[in-house]
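The exercises below ask for a careful reading of geometry, contacts and surface exposure. Each task is followed by a solution that proceeds step by step.

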Protein chains: 2
Amino acid sequence: MAEEEVIVLNFWPSMFGARMIMALEEKEIKFEYKEEDVFGQKTDLLLQSNPVHKKIPVLIHNGKPVCESNIILEYIDEAWKDDKTLPLLPSDPYHKSQCRFWTDFIDKKVFDAGRRTWTKRGKEQEEAKREFIETLKVLETELGEKVYFGGNETVSAVDLVLISYYPWFPTWETIGGFSLEDHTPKLMGWVRKCLTRPAISKSLPDPLKILDRVSQIIKVHEFFYGY
Amino acid sequence: MAEEEVIVLNFWPSMFGARMIMALEEKEIKFEYKEEDVFGQKTDLLLQSNPVHKKIPVLIHNGKPVCESNIILEYIDEAWKDDKTLPLLPSDPYHKSQCRFWTDFIDKKVFDAGRRTWTKRGKEQEEAKREFIETLKVLETELGEKVYFGGNETVSAVDLVLISYYPWFPTWETIGGFSLEDHTPKLMGWVRKCLTRPAISKSLPDPLKILDRVSQIIKVHEFFYGY
């Protein structure tokens, strides 16, 4: 496959984009990165590649676009299967179904509760924090004594999906006033282990940059909306 | 595979359960059906099989539970792959990704808008109707001139996921005061075509029974809540 053309459309703080980039890096697939300004004018390439949702991330492989982050992960895993690259999902149907169960669980629970830890106030914020921490505790239990969700040797799609949220953790902790090290220390150990992998550490956005931008957004919001 | 044991946990009006049943029927896989009363006491089997979400549908294959309807569909397709049964997803990675894109689209858009056509009133109900009809128009365009979403010969996971909502259409049309035959006549032709398949028609709940139960729920709600 000498003439592979791989283009990714992303927006730098996106957890959904980050997992796509990490998957490509883990599999050592070369790609061209194109940043989309999701708050500004969307590019023609984005609108043509994802006419239904008009959202990043998009992977364009030899001219064919694939949308929706976990569908992209499965596509990457299947399209580069024969290259002896790292598998992101197990081949056994039952183990694969369990892997899909946890990626689905993470996106259903972590994204929504995490966002509410900084967009809500008072009782709703407390509820969001409780939900978010509970979710991470469920995931810590699922990790158990394994090094990675994918086993002791290597990362799986579950690792990539969950670690894609990590750059947002300091923002949610700072604004929500809680410490994940206190609540889920073993899971934070897993975070540190993941970050030793170059494919992961170089693909994730800077957590402090996210905290800085979110702090600005909150200040603007408070100025105009008064809360 | 002589000693296969397949148990399904379902609640009769569920679109998520119906697609699991249709997939098993299309593939001619024998199974034992267990009805769960989701408004009453959940059975120990459900709680043990799906301890995280505690929801139907669940497929238990030789003692191993698989949860979440579209994950179940993929599991059924992969676990019974070698049996020369009908494939629900194409084997080509790109075509498979497109199939997953549409099942994901249907669940993201149809479920939520459909439910709001009867649980909301006034402006919110009108918005829900508009969204629901727009979503079906997008799907009608995607169907194009094909007999099924899976092609001219056979149904795919996209067909099963979308037709699983059909028993709810008369309820949403009656309460919302609109006709899908007027808005998406070609898609309604596809519904009729799907219903000629015994695996589909015998697996779907009775639309009039759903309308009847929903009408009762609305009456009780209006009596106690006053709207």
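**Exercise 1. Backbone geometry**

Locate B:Pro57 in chain B of this predicted model, and determine the form of the peptide bond that leads into B:Pro57 from B:Ile56.

Solution. Begin with the position: B:Pro57 is found in the loop between α2 and β3 (58–61) of chain B. Next take the torsion of the bond from B:Ile56 to B:Pro57, where omega is near 0°, and the peptide bond is cis. Then turn to chain A, where A:Ile56 and A:Pro57 are likewise joined by a cis peptide bond with omega of about 0°, and where A:Pro57 belongs to the loop between α2 (44–49) and β3 (58–61).

Continue with phi. In the loop between α2 and β3 of chain A lies A:Lys54, whose phi is near 55°, a positive value in a residue other than glycine. A:Asn62, in the loop between β3 and β4 (64–67) of chain A, is not a glycine either, yet has a positive phi of about 50°. As to exposure, A:Lys54 has a relative accessible area of 38% and is partly exposed, and A:Asn62, at 43%, also counts as partly exposed.

**Exercise 2. Aromatic pairs**

Classify the ring pair A:Phe16 and A:Phe111, then do the same for B:Phe11 and B:Phe39.

Solution. The description of an aromatic pair rests on the distance of the ring centres and the angle of the planes. A search of the whole structure gives 28 aromatic pairs over all chains. For A:Phe16 and A:Phe111, the centres are 5.4 Å apart and the planes stand at 55°, so this pair is tilted. The pair links distant parts of the chain, 95 residues apart, with A:Phe16 in helix α1 (residues 15–26) and A:Phe111 in helix α4 (residues 93–119) of chain A. A:Phe16 is partly exposed at 22% relative accessibility, and A:Phe111 is partly exposed at 23%.

For B:Phe11 and B:Phe39, the centre-to-centre distance is 5.6 Å and the angle between the planes is 90°, an edge-to-face arrangement. Since B:Phe11 lies in the loop between β1 (6–10) and α1 (15–26) of chain B, and B:Phe39 in the loop between β2 (32–35) and α2 (44–49), the pair ties together parts that are 28 residues apart in sequence. The two residues fall on opposite sides of the exposure scale: B:Phe11 counts as buried at 15% relative accessibility, whereas B:Phe39 counts as exposed at 71%.

**Exercise 3. Charges over rings**

Over which ring does the charged end of B:Lys209 sit, and which lysine lies over the face of A:Trp12?

Solution. In chain B, the ring is that of B:Trp12, with the charged end of B:Lys209 at 4.1 Å from its centre. In chain A, the lysine is A:Lys209, at 4.1 Å from the ring centre of A:Trp12.

**Exercise 4. Salt bridges**

Where do the partners of the salt bridge between B:Lys108 and A:Glu68 lie, and are the partners of the bridge between A:Glu74 and A:Arg100 buried or exposed?

Solution. The total comes to 34 salt bridges over all chains. The side chains of B:Lys108 and A:Glu68 meet at 2.2 Å, N to O. This pair crosses between chains, from helix α4 (residues 93–119) of chain B, which holds B:Lys108, to the loop between β4 and α3 (69–79) of chain A, which holds A:Glu68. B:Lys108 is partly exposed, with a relative accessible area of 45%, while A:Glu68, at 14%, counts as buried.

Now consider A:Glu74 and A:Arg100, whose salt bridge has an N to O distance of 2.7 Å. A:Glu74 lies in helix α3 and A:Arg100 in helix α4 of chain A, 26 residues apart, and both residues are buried. As a last step, place them in their wider setting: A:Glu74, A:Glu78, A:Lys96, A:Arg100, B:Glu74, B:Glu78, B:Lys96 and B:Arg100 are linked in a network of salt bridges.

Technical notes:
Residues are numbered from 1 along each chain as its sequence is written. Chains are lettered from A and ligands numbered from 1 in the order in which they are written. This is a predicted model: local features need pLDDT of at least 70, side-chain atom pairs count only at pLDDT 80 or more; totals for chains, interfaces and linings use all residues. Side-chain values use heavy atoms; hydrogens and water are left out. Rings of Phe, Tyr and Trp (its six-membered ring) pair if their centres lie within 6.5 Å; planes under 30 degrees apart count as stacked, over 60 as edge-to-face and the rest as tilted. Helices (H or I, at least four residues) and strands (E, at least two) are DSSP runs, numbered from the N terminus. Buried means under 20% relative accessible area, exposed over 50%, partly exposed in between (1.4 Å probe, protein chains only). A charge sits over a ring if NZ of Lys or CZ of Arg is within 6 Å of the ring centre and within 35 degrees of the ring normal. A salt bridge is a side-chain nitrogen of Lys or Arg within 4 Å of a carboxyl oxygen of Asp or Glu.
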